[in-house]
Amino acid sequence: MLKKTVISLLALALFSQFASHGMYKALASEFTFAIEAIIPDNQVTPGVTFFDVLVEPGGQQVLQLNLWNDLDRDVTVVPEIATATTNHNGVVEYSPRDVAMDSNLRFRMEDVVTTVESITIPAQSSVILELEVNMPDEEFDGILAGGLTLQELEEEDEGQESGDAGVSIRNRFAFVVAILLRNNQDPIVPDLTVNDVFPSQINRRNVIQANIQNITPRFVNELAIEAVLYRVGQDEPVLEVYQNMMQMAPHSNMDFPLRLAGQPLQAGDYILNLRLESGDQYWEFSEPFTIDAEVAEELNALDVEIVHVTDWTWAYIAAGVAVLVISNIVVILIMKRKRK
């Protein structure tokens with residue numbers, strides 16, 4: 001029997017300026033293990049705690065992390081490699097996500113960097129975790145971005161009911177370390193495009209989402225988005241949204257949401273005007289789309305913020321008809337009695 005609980009806390013060792021052993025020791029008092037990236041000589045960005053290395057096409061390299069355990073018991077850690085993605089909040093994710101890879105992505109981090117399935121850190125000791133980098137033979141520009149997620153794996157076989165098979169496994173704590181790989185440092189001009197606009201839901205709340213794609217192999221930093229939604233034929237906007245200080249991973253997609261905040265979706269034709277800004281670069285788009293009546297009804301029924309008022313119109317009509325029928329019957333009966 002396999003049981004997985006939600007990771008209790010995610011410690012991001014990303015783009016941090018804290019490279020001291022002392023900081024990770026402080027984390028070790030809260031977590032069951034701690035980590036420290038051993039920065040190699042071919043590091044591009046100095047003074048950080050993540051990997052940003054320059055490796056030639058077809059080159060091989062071993063990246064190392066020091067894992068240590070201050071507890072009086074052994075700790076088993078499961079490492080996992082993933083390609084960087086961008087979530088709908090405009091935050092780069094370096095942990096594995098169940099999303100489709102970008103259509104322009106040439107190489108996946110999990111195919112280029114490999115490591116062991118698990119590693120055990122003995123009690124009151126430390127070990128070196130090695131990551132094997134095998135760069136593609138074909139040269140690429142820009143950055144291949146991804147991350148290493150390290151989770152504690154705890155096995156429990158006590159307290160199980162008779163007849164239970166296997167052990168109960170819980171993923172408890174996690175650290176994430178960014179991995180950036182390059183063949184060269186040639187500058188890349190950022191470029192964004194909009195692929196689609198569609199109604200959807202986030203956490204059972206209606207949104208209009210714009211799929212924004214970073215079509216370049218570089219990060220798009222300090223991204224600001226201004227979105228104005230119009231119904232076709234109307235001058236007043238239906239919805240306006242502004243959000244800034246976002247970031248997109250190289251060759252990634254973001255489903256940027258316009259939240260309706262309890263307002264029901266209305267079927268019809270719309271236009272979404274978007275202005276995207278990053279540094280001195282900007283992009284403007286005007287995207288027409290349609291909300292289908294059936295889709296709107298389905299999503300509105302599922303939205304937990306919409307106050308659903310029951311329409312009693314037909315019930316009132318039926319009740320009125322019933323009263324009239326009964327009244328006529330009573331009148332007829334009274335008249336018959338009077339005649340007798």
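**Salt bridges in the predicted model**

The side chains of Glu284 and Arg275 come together in a salt bridge, with 2.6 Å from N to O. The model examined here is a predicted one, and this pair makes a friendly place to begin a tour of its charged contacts. Arg275 has a further partner in Glu277, and the closest N and O atoms of that salt bridge are 2.6 Å apart. Arg275 is thus a residue to view with both carboxylates in sight, Glu284 and Glu277.

The surroundings of these three side chains can be read from their relative accessibility. Arg275 counts as partly exposed, at 24%. Glu277 is also assigned to the partly exposed class, with a value of 33%. Glu284, at 55%, counts as exposed, because the exposed class begins over 50%.

How far apart are the closest N and O atoms in the salt bridge between Asp52 and Arg182? The separation is 2.8 Å. Asp52 belongs to strand β3, which covers residues 51–54, while Arg182 belongs to strand β12, covering residues 168–182, so the salt bridge ties together parts of the chain that lie 130 residues apart in sequence. Are the two partners buried or exposed? Asp52 is buried, its relative accessible area being 0%. Arg182 is buried as well, with a relative accessible area of 15%; that value falls in the buried class because the class takes in residues under 20%.

A general point helps in reading such pairs: side chains of opposite charge can pair when their charged atoms come close. Elsewhere in the model, a network of salt bridges links Arg108, Glu110 and Asp111. Across the whole structure, the search returns 8 salt bridges, among them the Asp52 and Arg182 pair described above.

The wider fold gives these interactions their setting. The protein contains 19 strands and 4 helices, with β3 and β12 among the strands. It is made up of 340 residues, of which 42% count as buried, including Asp52 and Arg182. Among contacts with a separation of 6 or more, 72% are between residues 24 or more positions apart. Turning to the surface, the protein exposes about 19,000 Å², and 51% of this area is supplied by carbon and sulfur atoms.

Key:
Residues numbered from 1 in each chain as written. Predicted model: local features only at pLDDT ≥ 70, side-chain atom pairs only at ≥ 80, totals over all residues. Heavy atoms only, no water. Salt bridge = Lys/Arg side-chain N within 4 Å of Asp/Glu carboxyl O. Helix = DSSP H or I, 4+ residues; strand = E, 2+ residues; numbered from the N terminus. Buried < 20%, exposed > 50% of the residue type's maximum accessible area, 1.4 Å probe, protein only. Contact = heavy atoms within 4.5 Å. Areas by Shrake-Rupley, 256 points an atom, 1.4 Å probe, with all protein chains shown as cover.
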